[in-house]
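Visitor: I am new to this structure and would rather understand one part well than skim over everything. Please choose a single part, look at it closely with me, and then say how other parts can be read in the same careful way.

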Amino acid sequence: MANNPGSGVSLDTMQPKDIFDFHAWFSGRFTSLLHFRGGTFYQALMLAVARNAKNIVETGTLRVAGNGASDGQSTRLFAEFAERYDCKLWTCDVDPAAIALARDETAPFASRVEYVVSDSVAFLREFREPIDLLYLDSMDFKEEDPGPPQDHALREGQAALHALHTQSIVLVDDCGLKHGGKGGKVIPFFLGQGWQVIGMHYQALMTHAFDSMGKVVPDALAP
Ligand SMILES: C[S@@+](CC[C@H](N)C(=O)[O-])C[C@H]1O[C@@H](n2cnc3c(N)ncnc32)[C@H](O)[C@@H]1O
């Protein structure tokens with residue numbers, strides 16, 4: 001991913017023109033489609049451009065066409081981003097019908113996408129490439145029974161940790177809800193691993209923390 005892993009944002013790869021191009025593309029194609037998720041998706045993907053992200057992994061696939069206000073349309077967004085920025089997307093869902101629909105919705109970009117039918121924790125545990133951008137949006141959150149989706153998201157974070165690195169970006173959906181939503185347990189887990197929350201609206205955006213000397217936090221992870 002980044003051309004200089006562990007040393008902070010690779011701003012040398014991003015010029016003012018790149019920022020404008022990203023802004024024009026995202027605003028024109030996705031701002032209205034993504035509704036209240038737009039701001040954090042924008043922030044995550046702008047950072048992905050700056051860090052030259054190549055491998056995007058999402059759990060929880062687009063299952064309803066055009067349903068940006070409720071579910072989000074993440075697979076369309078990531079697949080089109082992958083085409084534009086020369087990346088690969090893995091989208092994982094336990095429901096074959098969701099994967100079939102996502103395959104139809106992203107057909108123009110199919111060469112960029114691996115469509116995976118699996119439980120997301122098992123999939124992440126076995127994932128063998130570095131993950132530059134991880135999006136967690138699988139088990140539905142219910143305010144009256146927050147435990148199962150929070151436990152599942154925690155297990156996803158734990159299962160993905162081996163593939164994450166100091167320049168990775170993690171975005172968790174459905175956090176701006178009672179009990180912290182899907183992020184109620186996985187966010188504290190990442191904080192305990194030296195990560196920080198850098199964006200919080202309906203979704204939570206996290207990156208690795210660095211100290212004032214640019215050293216990765218905690219020290220134990222430093223080379
Ligand atoms: C909220 S939807 C994902 C919406 C999608 N990210 C979007 O933006 O349109 C949640 C999806 O997670 C899937 N899911 C639920 N439990 C899962 C599990 N254990 N492993 C993988 N996917 C799961 C569901 O089948 C469903 O399609």
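Guide: A helix here is a DSSP run of H or I at least four residues long, a strand is a run of E of at least two, and both are numbered from the N terminus. With that in mind, and remembering that this is a predicted model, let us look at helix H8, which covers residues 183-192. Its buried residues are Gly183, Gly184, Val186, Ile187 and Phe190. To read such a list, it helps to know that an α-helix has 3.6 residues a turn, so residues three or four places apart point the same way. The cover over the buried residues of H8 includes helix H7 (147-160) as well as the strands S4 (133-136), S5 (169-172), S6 (195-200) and S7 (204-208).

Following the chain onward, H8 is followed by Gly194, and the phi of Gly194 is positive, near 95°. Strands S6 and S7, which we met as part of the cover of H8, form a hairpin with three residues between them. The two strands of this hairpin pair in the antiparallel sense over five bridges, and Gln196 has Thr207 in S7 as its bridge partner.

Strand pairing of another sense can be found elsewhere in the model. Strand S1 (residues 55-59) pairs with S2 in the parallel sense over five bridges, with Asn55 standing opposite Lys88 in S2. On S2 there is also a parallel pairing with strand S3 (residues 113-117), again over five bridges, where Val117 in S3 is the bridge partner of Asp93. Strand S2 itself, residues 88-93, is mostly covered, since five of its six residues are buried.

Helices can be followed with the same care. Helix H1 (residues 16-29) packs with helix H3 (residues 38-50) at an angle of about 145°, their axes lying 11 Å apart, and the crossing of H1 and H3 is right-handed. In this contact H1 contributes Asp18, Phe22 and Phe26, while H3 contributes Tyr42, Leu45, Met46 and Val49; by class, these residues of the contact are six nonpolar, no polar and one charged.

Finally, there is the ligand, with 21 residues around it, of which Gly60, Gly72, Ser74, Asp95 and Ser120 come nearest. The shell around the ligand has nine polar, seven charged and five nonpolar residues.

Conventions
Residues numbered from 1 in each chain as written. Predicted model: local features only at pLDDT ≥ 70, side-chain atom pairs only at ≥ 80, totals over all residues. Near = placed C-beta within 6 Å. Nonpolar A, V, L, I, M, F, W, Y, C, P; charged D, E, K, R; others polar. Axes fitted to C-alpha atoms, helices over the stretch in contact; angles between N-to-C directions. Left-handed = near helix turned anticlockwise from the far one by under 90°. Contact = placed C-beta atoms within 7 Å. Buried ≥ 20, exposed ≤ 12 C-beta atoms within 10 Å, placed from the backbone. Pairing = 2+ DSSP bridges.
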